[in-house]
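Here's a quick tour for anyone meeting this chain for the first time. We'll take in the whole thing, then zoom in on a single residue.

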Amino acid sequence: MDPVEFARWIHTHEIDQLFVPNVMLRAISEEVDPHGTELAALRHLSQAGEPLSLHHDLRELCARRPELRLHNHYGPSEAHVVTSYSLPAEVAEWPLTAPIGRPIGNTRVYVVDRRLRPVPVGVPGELCVAGAGLARGYLGRPDLTASRFVANPFHGDGSRMYRSGDLVRWLPDGNLEYLGRIDDQVKIRGFRIEPGEIEAILARHQDVLHTAVMVREDTPGDKRLVAYVVADATAADRHDRLTETLRRHVESAVPEYMVPSAFVLLDTMPLTSGGKIDRKALPAPDLRTVLEVGYVAPRTPEEEAVCRVYADLLGATRVGIDDDFFALGGHSLIATRVVARLRTALGIDVPLKTVFQQRTPRELAATLTAAARSVPEPELPPLVPARRDRPVPLTFAQQQTDLFFGDVLEAGHWNIPMAVRVSGELDLDCLRRSMDLLIDRHEALRTTFVKEADGYVQVIRPHVPGQVEVAEADDEAEASVLAGQEAARPFDLTSGPLARLRVLRLAELDHVLVLTLHHLVTDGWSQGVLVRDLSVVYSALLRGAEPDLPPVPVQYADVANWEREWLRGDLLRRQLDYWQRHFDGMAPAELPTDRPRATSARYESGVHHWRLPKDAVEAARRLGESSSATLYMTLLTALKVVMSARSDNQDVLVGVPMANRGRDELENVVGLVSKMLALRTEVSGATDFGTLLATVRDAMSDAFTHQDVPFVSVLKHSDKPTGGHAGKWLSDDPPVKVIFQIVNTPQRPLMLTGLTAEPFLMTHPPVTVNVDMEIDLYENAEDGGLAGTVLFSTSLFDRATIERFCDDVVAVVSTAAADPGRSVSQVWQVRGRDQ
């Protein structure tokens, strides 16, 4: 149908109510002159069939016709229209994306998780529909009918409800927001992304006529968010770098991880016969045309090295010296690998922040050239396999037990657990053989600890059978308790192995797997490596095939010997000197407690589950971006403000764990490589928040450069007690009393052939702690925020005190984001008034 003729017909016949599919609504809004008199009689314009895009043309059309109201209807074919939403009469009051509204009469709707449990307001879930308008099922498809039309668990009258497969969430005003199909929802780098949200932002740009956003994986394992745009023809001529304009438009509204790495300009959007966008027909992006930056070839060896590393890590065919790291799809994890690759290629170390600040090969290569002309750093020996005919010394990372335990053998319960619920037919024999292969593959899991005259050493046993135990659980609650007990069960560090798997059987096709690793030989990164390996090995053995795993060129024992070979003498002294200057004269703040501190810090613990909402996280990201700081740096700064204000002490010390995986050889190594540093900051009330954030940012960058020596080693090498602590008393009263991290190591899901898996919540028994609190947050929260735990001392703090502490951190971020130029004392005062 010709939209121009159709609009003229509506106008001629003075039609006042119109219901059209989305494709026709788009066509009408594009063809009708918003300043003209056409459609003067139209009072109600309704659409359904596809998500309503509130693009520029539609907004302009309705803004020029104040009597016209726009209505968004939603309804699957299985129930017809079930919700309705009328947009405000004032176009200026329209939301960014159009809600689908509330249920109509005789209709009930529910938003549920995978187990059909209601989810809270704001949390995405599947939309289920019940009521009088429900279809009976699919003709001749009893299997499909049974899977989509299910018993309604919210009504005991035997009625059914329809599982729509649509992803929605409740808004605070009682309306529903449509987020897309559940099978369209994607994860990139651990972040859950709704492409429809980005499409709505692009559609608001005045030069955009049509848009589609999708995830492509043209190179296996390399997922990229790609935006396709049909722009106004005059706009494309007017802007020679339209894609950069659109990139900045999206960057102003969403966090970095939601910004598409590629923008593709199209003449027309491919459509299906039904008038919907044909996503399968969208072309793969060509980086040269996508970036719209003329290719400039590298001219120097440094530029060639950077371009080659970018092309390899970012999956580009070729990279020019003016191509932007973030525009090519770069992010923080890739930046870390860039640093490692450049060190291998050129023998030059660059700070991580340099990759973020000097985003093109031209800029980064200039820094590398200058560094090559300066005084060269001593070249480290290669990390290669070492002899196994003598005991292996503890690494600096393993010596961190002195900070938490009086003796290595007291650390038997220092575990890293994970629990996964799997549904389907589980092959226990295959699982046992998989664990055996993993323990054979990674020496760290066969390590034991023996005390000699000079201290503890590591002894690697030639072969240790894997531990896979099976137990029965009556229900989910009992399984949660049993899993928590298993996670806390100590290892025998003198005999090993230091990894075990417990299977809790709920039913024949329903199990909980609890994988427990000891922290002395593993860390968060190692857990991801082992989960990947277990997935590959189990699936291969089930097929009777040989597992195809990446090589492990060096083992953890090699890392220990290599570290002792180079981290000594002048190199060790230089790192120690840096940290001792950092801590000189330190008198760190101590939080006020609800109960007195003990002489020896051995406290009972509790867990507070902390969730930072999406708006607070996005405010923190924007605040950080204004100072070239990461989300972690921004939240750490806010945390320090709260600690200083509550303790009335400007000298604030926080424990900062570092992954310490800055070498290519360590990518597949299982072992305790991470180290805990301590970051000291003077928090003056007169300093503006932006300046304080820059101070924390620079201190973090310096800490990254000096992360080879953990905090405990600095204390042990100190000639005088630091903050009143020394040697054997470290675990009794550690100087670091607050530890904070955002866990961003690669999160690998367990994928076992023939099974579906999802995380399982354990009920942890109380454990003994010697710090005030340890905060662990994760960036892959379902709602785009942050979620995690605060392990705190119940001997010192009431739960309400910890909750107020967390609320204060969020309030400081929100207040500072509104005006980073405010002084720290003003931020604290305003945050109190706002609360």
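Of the 835 residues in the chain, 53% are buried. Keep in mind as you look around that this is a predicted model. As for secondary structure, you'll find 24 helices and 30 strands.

How does the chain's radius of gyration fit with a compact globule? For 835 residues, such a globule would come out near 28 Å, and the chain has 29 Å, so the two agree. Measure the C-alpha trace along its principal axes and you get spans of about 100 × 65 × 60 Å.

Now for what touches what: among contacts with a separation of 6 or more, 72% are between residues 24 or more positions apart. On the outside, the accessible surface is about 36,800 Å², and carbon and sulfur atoms account for 51% of that. The chain carries 89 positive and 116 negative charges, and the mean positions of the two sets sit 2 Å apart.

Time to zoom in on S164, which is part of strand β9, residues 160-170. Is S164 buried or exposed? Its relative accessibility is 3%, so S164 counts as buried. Leaving aside residues up to four places away in sequence, S164 touches Y74, E126, L127, R148 and R181.

The side chain of S164 also reaches these backbone atoms:

| Backbone atom reached by the S164 side chain | Distance |
|---|---|
| Oxygen of L127 | 2.6 Å |
| Nitrogen of D166 | 3.1 Å |

So L127 shows up twice: S164 touches L127, and the S164 side chain reaches the backbone oxygen of L127.

Definitions and conventions: Residues numbered from 1 in each chain as written. Predicted model: local features only at pLDDT ≥ 70, side-chain atom pairs only at ≥ 80, totals over all residues. Heavy atoms only, no water. Helix = DSSP H or I, 4+ residues; strand = E, 2+ residues; numbered from the N terminus. Buried < 20%, exposed > 50% of the residue type's maximum accessible area, 1.4 Å probe, protein only. Polar contact = N/O pair within 3.5 Å; in protein donor to acceptor, adjacent residues only side chain to side chain. Contact = heavy atoms within 4.5 Å. Rg over C-alpha atoms; globule rule 2.2 N^0.38 Å. Areas by Shrake-Rupley, 256 points an atom, 1.4 Å probe, with all protein chains shown as cover. Lys, Arg positive; Asp, Glu negative; His and termini not counted. Charge placed at Lys NZ, Arg CZ, Asp CG, Glu CD.
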